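Please look over the sequence and the model shown below before reading on. The paragraphs after it are meant to be followed with both in view.

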Amino acid sequence: MTYRVCVVCLGNICRSPMAEVVLRKTLADHGLEGLVTVESGGTGGWHQGRPMDERAAAALAGRGYDGSAHRARQFLREWYGQADLVLAMDRENLRALRRLAPEGADVRLFRSFDPAAPEGAEVPDPYYGDREGFAEVLEMVEAAAKGLAEELARRLR
């Protein structure tokens with residue numbers, strides 16, 4: 001049986017697609033490819049069908065990741081039936097996701113899996129900033145992805 005993770009931000013063109021790409025690679029590096037699937041979405045739907053923000057794609061490419069296949073999607077209530085774990089990039093999106101969530105849904109902050117991050121740490125939205133903000137987000141995403149992969153490796157093996 002496959003464990004399913006969905007990563008969610010606001011528009012699904014910056015943070016959550018970066019996390020989706022990084023998490024897939026990190027899970028594969030931990031021998032979990034095929035055991036865990038990863039998707040992403042946005043709480044808002046205004047970017048649906050669009051590729052990842054070019055600054056996000058460039059930050060990923062600079063570290064050897066490929067985000068070219070991404071197309072933005074809006075997270076829908078029905079996705080809870082297809083996800084074991086839903087991860088929000090920030091508290092605003094966490095609140096929105098919890099309003100949609102059925103009883104017992106596992107909805108958390110993405111950075112809660114980074115052992116070095118303080119409790120309640122968020123991945124800030126780099127959209128209105130410069131390329132440096134995307135590099136900083138990528139570092140946060142990589143740290144949390146590693147922590148999540150380690151936890152899932154212990155849990156699923």
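What follows goes from the annotated domain to one strand and its partners, and then to a single aspartate.

The model is predicted, and its span can be set beside a database record: an unreviewed UniProt entry lists residues 3-151 as "domain: Phosphotyrosine protein phosphatase I". In the model, that span is 37% helix and 14% strand, and the C-alpha atoms at its two ends lie 12 Å apart.

A useful place to begin is strand 3, residues 85-88, which has a neighbour strand to consider in two directions. With strand 1, residues 3-9, strand 3 pairs in the parallel sense over four bridges, and within this pairing V7 stands opposite L87. Strand 4, residues 107-109, also runs parallel to strand 3 and is joined to it by three bridges, with L109 as the bridge partner of A88. The connection between strand 3 and strand 4 involves helix 3, residues 91-100, and the three elements together make a right-handed β-α-β unit.

In a regular strand, side chains alternate between the two faces of the sheet. In strand 3, L85 and L87 lie on one side and V86 and A88 on the other, and all four are buried, so that both faces of the strand are covered.

Elsewhere, D53 is placed in the loop between strand 2 (36-42) and helix 2 (54-62). Is this loop residue buried or exposed? D53 counts as buried because its relative accessibility is 11%, which is under the 20% cut-off. Leaving aside residues up to four places away in sequence, D53 touches I13, C14, Y127 and F134. Of these contacts, C14 is 39 residues from D53 in sequence, yet their C-alpha atoms are 5.8 Å apart in space.

Technical notes
Residues numbered from 1 in each chain as written. Predicted model: local features only at pLDDT ≥ 70, side-chain atom pairs only at ≥ 80, totals over all residues. Heavy atoms only, no water. Buried < 20%, exposed > 50% of the residue type's maximum accessible area, 1.4 Å probe, protein only. Pairing = 2+ DSSP bridges. Right-handed = clockwise from strand over helix to strand, strands pointing away. UniProt positions renumbered as here; feature names shortened; annotations may be inferred. Contact = heavy atoms within 4.5 Å.
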